[in-house]
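Morning, everyone. Please look at the model on the screen while I talk.

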Amino acid sequence: MLYNIIVGVIAVICFLLIVVVLLQPGQGQGISGMGGAGAIGGGGGLGARRTADLLSKATSILAGIFLTLCVLANFAIDRGEVNRSILQEGAPGMNAPIESPSETSPAIPQTQSDDQDGTSEEGGN
């Protein structure tokens with residue numbers, strides 16, 4: 001339950017972080033380059049420097065919250081039962097008792113080839 005809430009908040013933070021990063025100025029333009037102010041040449045009217053400071057602080061804060069929530073989500077995962085690896089379990093049949101070869105039957109059944117009349121059972125007349 002807690003894990004689902006944290007994942008939902010992380011999704012919202014991701015969306016906000018994407019928006020804030022895309023709004024940041026690039027190569028001296030920024031929000032003042034949008035609209036008519038950038039096209040006319042009066043780019044300093046909207047205060048692009050103050051906006052850049054606000055957006056960079058917002059990016060740092062959102063990134064810190066994102067990182068913290070990701071670490072918390074790792075601890076909030078409901079693991080239920082502890083999973084063990086194959087190496088910890090051992091190979092299948094490792095603990096099974098070993099049968100001695102004398103108890104097993106031969107792989108090839110033996111046939112009687114020498115009858116009393118000299119014929120085999122398979123090739124009867």
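I'll go through the fold, then the core, then the cysteines. One thing up front: this is a predicted model.

Start with the overall layout. The protein chain has four helices and zero strands. Read from the N terminus, the order of elements is α-α-α-α. There are 125 residues in the chain, and 11% of them count as buried. The exposed surface comes to about 10,600 Å², with carbon and sulfur atoms supplying 60% of that. Now the contacts with a separation of 6 or more. Residues 24 or more positions apart account for 75% of them.

Next, the core. Which residues make up the largest nonpolar core? Ten residues do: Ile6, Ile10, Ile13, Leu17, Val20, Leu55, Leu62, Leu69, Ala73 and Ala76. Helix H1, residues 2-23, supplies at least two of them, and so does helix H3, residues 48-76. Take valine 20 as a close-up. Set aside its neighbours within four places in sequence, and valine 20 is in contact with Leu55, Ala58, Thr59 and Leu62.

Last, the cysteines. How many disulfides does a search of the whole structure find? Zero. Why is cysteine 14 not bonded to cysteine 70? Because the two sulfurs are 6.8 Å apart, too far for a bond. The cut-off for a disulfide is 2.5 Å between the sulfur atoms. For cysteine 70, the sulfur of cysteine 14 is the nearest cysteine sulfur, and cysteine 70 is in no disulfide.

Buried or exposed, these two? Cysteine 14 is partly exposed, at 27% relative accessibility. Cysteine 70 is partly exposed as well, with a relative accessible area of 30%.

That's my part. Thanks.

Terms used: Residues numbered from 1 in each chain as written. Predicted model: local features only at pLDDT ≥ 70, side-chain atom pairs only at ≥ 80, totals over all residues. Heavy atoms only, no water. Core = buried A, V, L, I, M, F, W, Y, C linked by side-chain atoms within 4.5 Å. Buried < 20%, exposed > 50% of the residue type's maximum accessible area, 1.4 Å probe, protein only. Helix = DSSP H or I, 4+ residues; strand = E, 2+ residues; numbered from the N terminus. Contact = heavy atoms within 4.5 Å. Areas by Shrake-Rupley, 256 points an atom, 1.4 Å probe, with all protein chains shown as cover.
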